[in-house]
Amino acid sequence: MAAFLLRRLVNYTALVVLAASLAYLLAAAALKPRANFEDRAPRPPEAVVEAQLTRLNLNDRTPLADRYRTWAGGVLHGDFGRTWQGEPVTAELWRRLGVSLRLLLAGAVLGSAFGILLGAYAAIARGRAADRLITVGSSLLLAVPVFVLAVLLQIVAGKANDATGLRVFEWVGESTPGASDGPFGPLGGLGDRFRHLLLPTVTIALAQFALYSRYQRSMMLDVLQADFVRTARAKGLRRRAALLRHGLRTALIPMTTYFAYTFGLLLLGGVFTEKAFGRHGVGEWLVDSISRGDVNVVAAVNCLAACGVLLAGLVSDVLYGVLDPRVRTGAAV
Amino acid sequence: MTVLEVTGLRVTYAPDVRAVRGVDFALGPGEVLGVVGESGSGKTALALAVMGLLPPDAQVAGSVRLRDEELLGRSDADLSRIRGKDLTMVFQDPLSALTPVYPVGDQIAETIQIHAGATRAAARARAVELLDLVGIPAAARRARAYPHEFSGGMRQRVMIAMAIANDPVAIVADEPTTALDMTIQAQVLEVLRVAKEATGAAIVLITHDLGVVAGFADRVMVMYAGRAVETGPVEEMYRRPRMPYTIGLMQSLPRIDGAVWTPAGGDPWRGGRMAPIESASPTASAAGSTGCSFRPRCPVAVLGCADGEPEPAVVGPSGHTAACVNTAATADPSDGLRPEEVVQDTALAVPLPEDPCNVEKPADPVPVRSYRNERPVVLYVDDLVRHHQLYRGRFFRRRAGTVHAVDGVGFDVRVGETLALVGESGCGKTTALMEILRLARPQRGRVAVLGQDTAELRSAGRKALRRDVQVVFQDPFTSLDPRMRVADILAEPLVTHGVPAFQIGGRVRELLELVGLEPGHAGRYPQGLSGGQRQRVGIARALALEPQLLLLDEPVAALDVSVQAGVMDLLEELRARIGLAYLFVSHDLAVVRRIAHRVAVMYLGRIVEIGAVDEVYDAPAHPYTRALLDAVPLPDPFLERRRLRTPLQGELPDPAAPPAGCRFRPRCPRYAGLTGDEGRLCDERDPEPQPIMTAMDRHVACHHPLAHPGADQ
């Protein structure tokens, strides 16, 4: 298993290098940071523009290969260059990654857990009211884009706030300034952060739930009639126990493969969630940087995304090995 | 005392499929009831109803009593306390019946923990004991292995261990050996016997194989269209069955000893035979409305048969009952008793069945007139080799060994004869067939079809030769395109080979008639046909281009016994009429005896013995042939229980690493009895096929062939 993972890791590293390089080359070739200066009034002198662009390694008059070499050399030392404003990209990247993770993590975990459980339940109760409800609900959620969902939730939350007269729901930013200075001290600050997290978490959880419950339902339907579930019942396990211990356990295995894909979708969906809830995370940064022509940021975020997706792939490989003994023993025939 | 009693059991699947329509039986401790029937007769529905494991949309009526406690109508929670403890089940397919993600030891231990409340450690220790009992070597280590690391036979042993874990009162075994090879089947039946003796449980053994039942069961129940049409003690049932369906089953059964079954008192048909109406498969929902459901196929049907479903009536001693109106037609005339009077006849007059040696062998329907070596050779194979490379790793593929699937095989097939390739699964018989079918240069050796060496063929020549070599596949359910009508399926080879369009329609009609189908079948899709009819379409397709050689890959393995008989009759008839030559791949030795002239026994990619079927079967020279024949159960309780056999031990070794010297050595019963010097030959030298002087064209690859084969039988 360790050897297998090591091989995977080597493969993935190669893929990350490739993805990051391509992302940089594409961004550097397509984005025009010079345009930012040309639009400025009064237009800065040519020499200043040149110097500024060269300093940021954004000068389109430098050959692409040279720019790439400079960029890659920096990346090797953990330096993704500077933003348009001249800030170091790496530090900002880590800060924003923290913001994004705080936003996405709870929703992702909750969404996938509920999705798997309710998907399995829908399969067991196939054709009954509960199944129809879950099926219609998840199909509906799949059809609604995340930003629409976020806005809808905000409207509902706003109405609830108005109706109760309390500010139960808060959704703009990560926290209310000065929340930690209240009577409860840092605890109050934590509560405030939690309150701010409520709505975004629900949004992300619902979107994830919709995906996972559909997958899990069909996986579970496959094992529902499986011979080994019948064997488990013949042993004396009740239907529910047999389905949970033998059925769900086996039906989870293919889900690990979906995990990697869904993670990619989650990152993409993150852009909209961050925008909708005023979080200054990675997704928002990427969108803003593209419009600014900030090549270094775009390349860095892409590199991060590649790392993230492949890391998710690695995790799903490990999970697969943990869940399925048939792959664990290696390539036995 | 009765431990398991079923009365008036009925199972109806939604919307209106009546799978079981009134079944009664009672079992004492340690008693074995064999339930026999063709597919669709309701056997599995019966088993699941007894276990209470029917799908929720099924309705059950009647009564299932275990030790005088009613089981029907109980809640799932209630039944769970009985299932796996007092009442257990062994399922058909050991490949899918075990959860793939838990070690087998834990799966057995789970059964113990659920019911006995034992600690995890105690349950695991007991699981190891059980694995040892069912004959799994190195049980303590193997208990930690996962199901995919076991072979089919070993998994079925695990299933049996699971079934006997809590000393059950009754075990329901649903086709426990159907998915296994003959040699493994014999081993598993032995394990089941050990399990029965260890627990004293009553066993309901469900099977389609009359041979399995003959050796194992005390009583037999024959099911047809959801009803128990005949029940009785096993000897009585095989000696003198009274229900025409049972008689038909017995008659259509191919036998390894070549004997033809006749009931005591002569042929009840007086020349007739069970009608092989394959389309009228017992669709349980339709049956019952118009009298006896067997009536359309029955050769002795009378007017009274249409007046409703007959009830089982006592027709012989020890509770032998048959559900037939016209039992007079099947009564033993030598008894001089009217069937009604047989009821009083309680004297156990069990005459010896006829000695199979005296039974006249059926005349070959097509006597091969000329001597074998005078007829032209259709297919010549010499030293054929097919090796598969094994690779490991998903990204960095590296060679990890070579599977010697076919490793130097040679034989010839002459005009008008059938050569059968037999052996356990994995012996390379199908690979050999496919290698011939490729009509290309083999990895090594030579294949010549109609005198043309396939290695020298160019693509035009190969296409021309394909007309003469056609194939029929094993599974008629997957080998026909479900989106093509029968007419299109039959026309396809004709179109491909450029037959003018105006001739095709006529040729399709001809072909349908040739294989015994009606012109109306041409417009149907394969799913509108029964299994036997589909296989007839498969044969017709193969015959469309008037080939001279037909390669048959287990053509009857997927069919029911009575349908099997019809397809085999068709094949024999076609061979005689058209003068075809067959290469017939099969694992079923009884089928081979019935259809083939010559047989080649394969083991690990080699032919170990080849010769005329009767000679090989009557006096096998290779210990493996002998063991294979021994493993096949005879559908005759009297003979089956008195057979002296040396069952084959162990399983097929890894074909990627065949044993040095003689490949059969590790499993060879004869090797064990050899002296050191004699044995060394087997250790060191791989035996070459040697001709046997006493017989024509017979070869055996053994250093110590059985000198007087069959002498000690």
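Where is B:Met154 placed? B:Met154 sits in helix H6 (residues 152-163) of chain B; helices here are DSSP runs of H or I with at least four residues, strands are E runs of at least two, and both are numbered from the N terminus.

Before going on, some ground rules. This is a predicted model, where local features need pLDDT of at least 70, side-chain atom pairs count only at pLDDT 80 or more, and totals for chains, interfaces and linings use all residues. Residues are numbered from 1 along each chain as its sequence is written, while chains are lettered from A and ligands numbered from 1 in the order in which they are written.

**Chain B**

Back to B:Met154: it counts as buried because it has 24 C-beta neighbours inside 10 Å. The cut-offs are 20 or more other C-beta atoms within 10 Å for buried, 12 or fewer for exposed, and partly exposed in between, with C-beta atoms placed from the backbone. B:Leu490, in helix H15 (residues 486-496) of chain B, is buried too, because 26 C-beta neighbours lie inside 10 Å. Leaving out residues up to four places away in sequence, B:Leu490 touches B:Val508, B:Leu511, B:Ala540, B:Arg541 and B:Ala544; a contact is a pair whose C-beta atoms, placed from the backbone, lie within 7 Å.

Helix H7 (residues 182-199) of chain B runs 26 Å from first to last C-alpha over its 18 residues, close to the 26 Å expected at 1.5 Å a residue (that is, 1.5 Å times one less than the number of residues). H7(B) is mostly covered, with 13 of its 18 residues buried. Just past H7(B), B:Gly200 adopts a positive phi of about 65°.

UniProt's unreviewed entry puts "domain: ABC transporter" on residues 4-250 and 379-629 of chain B; such positions follow the numbering used here, feature names are shortened, and annotations may be inferred rather than shown by experiment.

**Chain A**

Chain A has 14 helices and zero strands. Its C-alpha atoms fill a box of roughly 85 × 65 × 40 Å along the principal axes, and 35% of its 333 residues are buried. For "transmembrane region", the unreviewed UniProt entry lists residues 12-31, 103-124, 136-157, 194-212, 258-277 and 297-320 of chain A.

Here are some annotated spans from both chains.

| Span | End C-alpha distance | Helix | Strand |
|---|---|---|---|
| Residues 103-124, chain A | 33 Å | 100% | 0% |
| Residues 194-212, chain A | 25 Å | 100% | 0% |
| Residues 4-250, chain B | 28 Å | 39% | 26% |

Helix H12 (residues 282-292) and helix H13 (residues 295-323) of chain A pack at about 145°, with axes 9 Å apart. Those axes are lines fitted to C-alpha atoms over the stretch in contact, and angles run from 0 to 180 degrees between N-to-C directions. Among the residues that meet are A:Trp285 and A:Leu286 in H12(A), and A:Val298 and A:Val301 in H13(A). By class, that contact has eight nonpolar, one polar and no charged residues; Ala, Val, Leu, Ile, Met, Phe, Trp, Tyr, Cys and Pro count as nonpolar, Asp, Glu, Lys and Arg as charged, and the others, Gly among them, as polar.

**Where the chains meet**

On the chain B side, 31 residues are in contact with 24 residues of chain A. Helix H2 (76-82), strand E6 (87-90), helix H3 (104-116) and strand E13 (377-392) of chain B each give two or more residues to that side. The class split on the chain B side is 15 nonpolar, nine polar and seven charged residues.

Notes. Contact = placed C-beta atoms within 7 Å.
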